[in-house]
Each structure stands twice: as C-alpha cells, then as structure tokens.
Amino acid sequence: MKKASKLRESQPKLVVRNTTTDDIVQIRQLYKKVYPHLSNYTKAQIQAQIQRFPEGQFVVLFEEKVVGFCSTCRLPEKLALGKHSWESITGGGFASRHDPKGDWLYGIEIMVDPDMQGNRIGQRLYNERRKLCVSLALKGIVFGGRLPNLAKKWKIVGSAENYIEMVLNKSFRDPVLGFQVRNGFEPIGVLKDYFPGDQASMGYASHMIWHNHKYIDNSTHQADQQLLRASNNVRVSIVQYQQRKLSGFDEFAKQVEYFVDVVAAYKADFVLFPELFTLQLLSIENEEIPASMAIETLTRYTAPLKELLSRLAVSYNINIIGGSHPTKDENGNILNICYICLRDGSIHQQAKIHPTPNESYWWNIEGGHELQTIMTDCGPIGVLICYDSEFPELSRYLVDQGAEILFVPFCTDERQSYMRVRYCCQARAVENQCYVAMAGNVGNLPNVANMDIQYSQSSILTPCDFPFSRDGIAADTTPNVETVAFADLRMDNLREARHAGTVQNLKDRRFDLYSVSWKGES
C-alpha cells in the first residue's frame, strides 16, 4: 500500500487554481505559443486583471507549468449583451470596465497549450467559470467566441451569421464554436470587428451566452466578496517635511522615525514622504558641493535609506512611501527613485519617468522606463513623482492596472511650481475617480544647490462627487509649515462613484476611439 501511495504522489498532476502575479511570465509565453501572430498581453494587463477581480482569473498547471489560462470580469447586463468589441469591453485588456456589482460574468480570454490537447483543459476552465458564476449568484456567462474557420469558408457561407447557422446545423465543423455549444453555450448574435487582428475569424466573433439556471433575482442577498473586502477605510497620512541641517545619517534616521512613530500611533495604513527629502543629507559635509557632484554624493546613501525605511515599515506596521532618492542603477545612470516599503517586509521601487529640465541638466538624472501598480494589503496603489503627475497618460495607465490611490511625492521651490502639481493632482483624481495623496518639503538648506527655497501645501485629494468632501479635498496642511495630515479614505465610496456616480469618467471612456498603451513592453 505504501508503494502504491508513493507512485500516485509521483505521477504528474493537473492543478486548477486562481492566477497569481507569479504566473504572468508563463502566461505570456503560453499566449505567444497559442497566438504567434497576435500582439501578446503585457505584464501590466494581466496584473490589472488579477488585481481587479482575483476570483475570476484561473490557470491550469501541469508539472508546475502553465498549460491553460482564462480571465474574466463582471459586467452589467446592458454592456455584456450589447454590441461591443474586445478592445472596448475589456478596456484594452486591462479589465477596466469590471463592475463589482455586474450581474454577468464576461470571458476576456481563454487559451490552452496546443501540446496538451486531449486533456480536457478547456473543459476544466469552463467548469471553473460556471462554478464562479453560480457562487456569485450571477445571471450567466457571456463572451465573444472566435470563428477560426470563417475565412476558409467565406466563399461558401457569405456571412458570419450563415457560418454560425451552418455549424449549428452540422453542415461543417468549427472546433471552437462546436466546443462552446457542447458546453451549454448558445449564440445570440454576431459581433463585427470584435478582434480585427484575428484574420482567421475575419474580425468576427459569435456572441455566446450561458444562463445560470440557479439564479434568483434577489440583489439584497447576492454574495459580493470583493465589495465586502474593499468596504473598509484606508487611513492615509502625509508628512510635510522640513529640510534641516544634519550632523550625520543617524540624525536623519531619528527624524524620519519620529514622523513614522507619530502617524503609526494614529493607526495610519500609509505614510507619504516628499520627493528628494534626502537632499538634506548633503548638509552633513557642511560645505557647498557643486551640483554636478551633489547627486553623485547622495547615491552613497541608497542602501542605508532602504534598510531604514523597510525596518520602520515592519516595526511600526505601516506602509511607507519613501519620497524619492537619487539612485545609481546597474548601468551607472542616476534615477530619481521612490522606495515603497510595505509592512510585510517587501520593498518596491518606482523611478521618476519625467525628470524636469533642471534635474536633467544640473544633476544628470535620467527618466525611468517602467510604471506599474504595487499590490499592498490595502489594495493596488501607484506612485507618480512630482512632474510625472502633470502627464495624464501615466495616471490613466496606473488606474487601468487597478490603482485606486495615487501617491505623489513632490518638491517645488515657489507657489507657481506648486500649483502646477496641485492642479494636476486634482485633475487626476477627477478624471480617474481615484484618491491622490501629495506631500512636499518646506524650509531651506544653505550650501545645498536647488534647495534654497521651498513651497508646499500637502494634500489628500478626492474625486468631486457627493460621497466625497465638497471641494474634493479630504485633508490639507498649512502652507510652508512642518506638519502631518490624515484622511480616512472609504474605498467603497470610490467604487460606488466609479460605477454609479453623477459622472462616471472611467465607465464612459470611448474605448472604440482611444486608449493608453505602454510601448516599453512587448
């Protein structure tokens, strides 16, 4: 009996589970294998699907290798059953139109390793979708199905409608449509220009539906686990930080710990420090350092800074958005990087994408090339360092990935510079229906170039709608005074505004006309 048990344990196993971010690389490899002539998913798109609706994403593993993948979102009936394209209904593959209250499960993607055909992998994924639909008490499942033999049969059928009818009448076979019909789906129409890049299907798709016969129209008792998870408050704190002369790094560490201690005592989930708040470390030398050498000198403090912020995040149980700090990368380039140290001990980073003209000229700072959300225990967040907030494409790209709070550490010398950042942050909150926290420096540093004057009024901003404060300001500070501010941000209010607000900027986007795509990832 023991030998038989060991033999069973050693046999290869097929495992179906929810997708995690660790699967992304293999999912992209699988897509390239299944659809070699189509544009692949980006890492950001798959990550956004997971962050928005983790229960709705599945992979099939064989010997720990991804051999099957499917993704879904929830949509309201009018959208799911209306005419649409894949681009418009999925928000360009980011699941941007996912509605936590949607009454239909929509199939974004499903694919199976061609080398694993015959192992009922597609069947397993369809079964997971059905189980999810039933468990969430949804009306059913909808998707656009490929018609891979349409181009070959076009001279015979003359239209996609005739093609579908002839497949249903078994005049000839279609491997995809036939499989879907055997699994209880039925076509309710044709979607023209659903996926223009699919030449085999000539851009057409069959509009497929499966009805959940266990559905009971009783919305007050429908399970909505995602909303329940997200209905709590998130307490955000911002530090308006005064630049001061230092005698050494230990003095800097004590000052930072003081503020972390203060906000942690008020049980804040996040604390945001300003951009380049580490420039005061240049005052340790007690002499003026030429601008060309100043940032090079500052990069020496990168390692102790990361160690400090990570230690404080864990010991004070708070997520620290560490302003920004000039850092030399592996190629010797200097980037302006924000270190995000989470209370679980993990360290993330986000480089400033757009250095200002002064930063490029005087400090030789170069722009980063990646922009991704960071998953925290309070949901996905994004970081835009100062000038980056003035480029609306960046915030939209982060929100497409699922970000609900944007953190903007900034450093501005006078009021006009500050107002550019402030007005843009408020615009980002309105157009993306998200929260934006911004924190800046005050004071001055003799003998430190470009830190001679500072202007700051740090704020926590909201969309402008009824669930939020009248002026779209959850909290702000007195200008040019070292202080902290707090705000409790209700995530359920944010989601309610996105899906049923006075205006619904995210839902009402014209995906058929425009989108934001990131060229840095193939």
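# Exercises: two sheets, a helix and a core

An open sheet of six strands runs in the order β15-β16-β17-β18-β20-β21, and its pairing is mixed. Keep in mind that you're working on a predicted model.

## Exercise 1: the edges of the open sheet

Work out which strands stand at the edges of this sheet and why one side of each is left without a neighbour.

**Solution.**
- Step 1: Read the two ends of the order β15-β16-β17-β18-β20-β21. β15 (374–376) and β21 (473–476) stand at the edges.
- Step 2: Each of these two has a single partner strand, so one side of each has no neighbour in the sheet.
- Step 3: Add the geometry: from one strand to the next, the twist averages 20°.
- Step 4: Look inside the sheet. β16 (residues 379–383) and β17 (residues 405–409) run parallel and are joined by three bridges, with Ile 381 opposite Ile 405 in β17.

## Exercise 2: helices against the sheet

Find which strands helix α16 (residues 415–432) lies across, and what the buried residues of α15 pack against.

**Solution.**
- Step 1: α16 lies across β17, β18 (435–439), β20 (459–461) and β21. Its direction makes an angle of about 160° with β18.
- Step 2: Now take α15 (residues 392–400), where seven of the nine residues are buried. Among them are Leu 394, Tyr 397, Leu 398 and Val 399, and also Arg 396 and Asp 400.
- Step 3: The packing partners of those buried residues are α3 (43–52), β16, β17, α16 and α17 (491–500).
- Step 4: Just after α15 comes Gly 402, with a positive phi of about 115°.

## Exercise 3: the partners of β12

List the strands that pair with β12 (residues 334–341), with the sense of each pairing.

**Solution.**
- Step 1: β10 (residues 319–321) is antiparallel to β12 and joined to it by two bridges; Ile 320 sits opposite Cys 341.
- Step 2: β11 (residues 325–328) is antiparallel too, with four bridges to β12. Here Thr 327 has Leu 335 as its bridge partner. Five residues lie between the strands of this hairpin, and one of them to check is Gly 332, with a positive phi near 90°.
- Step 3: β13 (residues 347–351) runs antiparallel to β12 over five bridges, and Cys 341 stands opposite Ile 347. This hairpin also has five residues between its strands, and Gly 345 takes a positive phi near 100°.
- Step 4: β14 (residues 365–366) pairs with β12 in the parallel sense through two bridges; Leu 335 faces Glu 366 there.

## Exercise 4: both faces of β12

Decide which residues point each way from β12, and whether they are buried or exposed.

**Solution.**
- Step 1: Start from the rule that side chains alternate between the two faces of the sheet in a regular strand.
- Step 2: Ile 334, Asn 336, Cys 338 and Ile 340 point one way, while Leu 335, Ile 337, Tyr 339 and Cys 341 point the other.
- Step 3: Check burial: eight of the eight residues in β12 are buried, so each has under 20% relative accessible area.

## Exercise 5: the nonpolar core

Name the residues that touch the most other members of the largest nonpolar core, then trace the contacts of Ile 405.

**Solution.**
- Step 1: The largest core has 54 residues, and Val 236, Ile 321, Ile 405 and Phe 407 touch the most other members.
- Step 2: Leaving out residues up to four places away in sequence, Ile 405 touches Val 234, Val 236, Pro 380, Ile 381, Gly 382, Tyr 435, Leu 489 and Met 491.
- Step 3: Don't merge in the second, separate core of 42 residues, which includes Tyr 241, Phe 252, Leu 276 and Tyr 301.

Definitions and conventions: Residues numbered from 1 in each chain as written. Predicted model: local features only at pLDDT ≥ 70, side-chain atom pairs only at ≥ 80, totals over all residues. Heavy atoms only, no water. Buried < 20%, exposed > 50% of the residue type's maximum accessible area, 1.4 Å probe, protein only. Pairing = 2+ DSSP bridges. Core = buried A, V, L, I, M, F, W, Y, C linked by side-chain atoms within 4.5 Å. Contact = heavy atoms within 4.5 Å. Axes fitted to C-alpha atoms, helices over the stretch in contact; angles between N-to-C directions.
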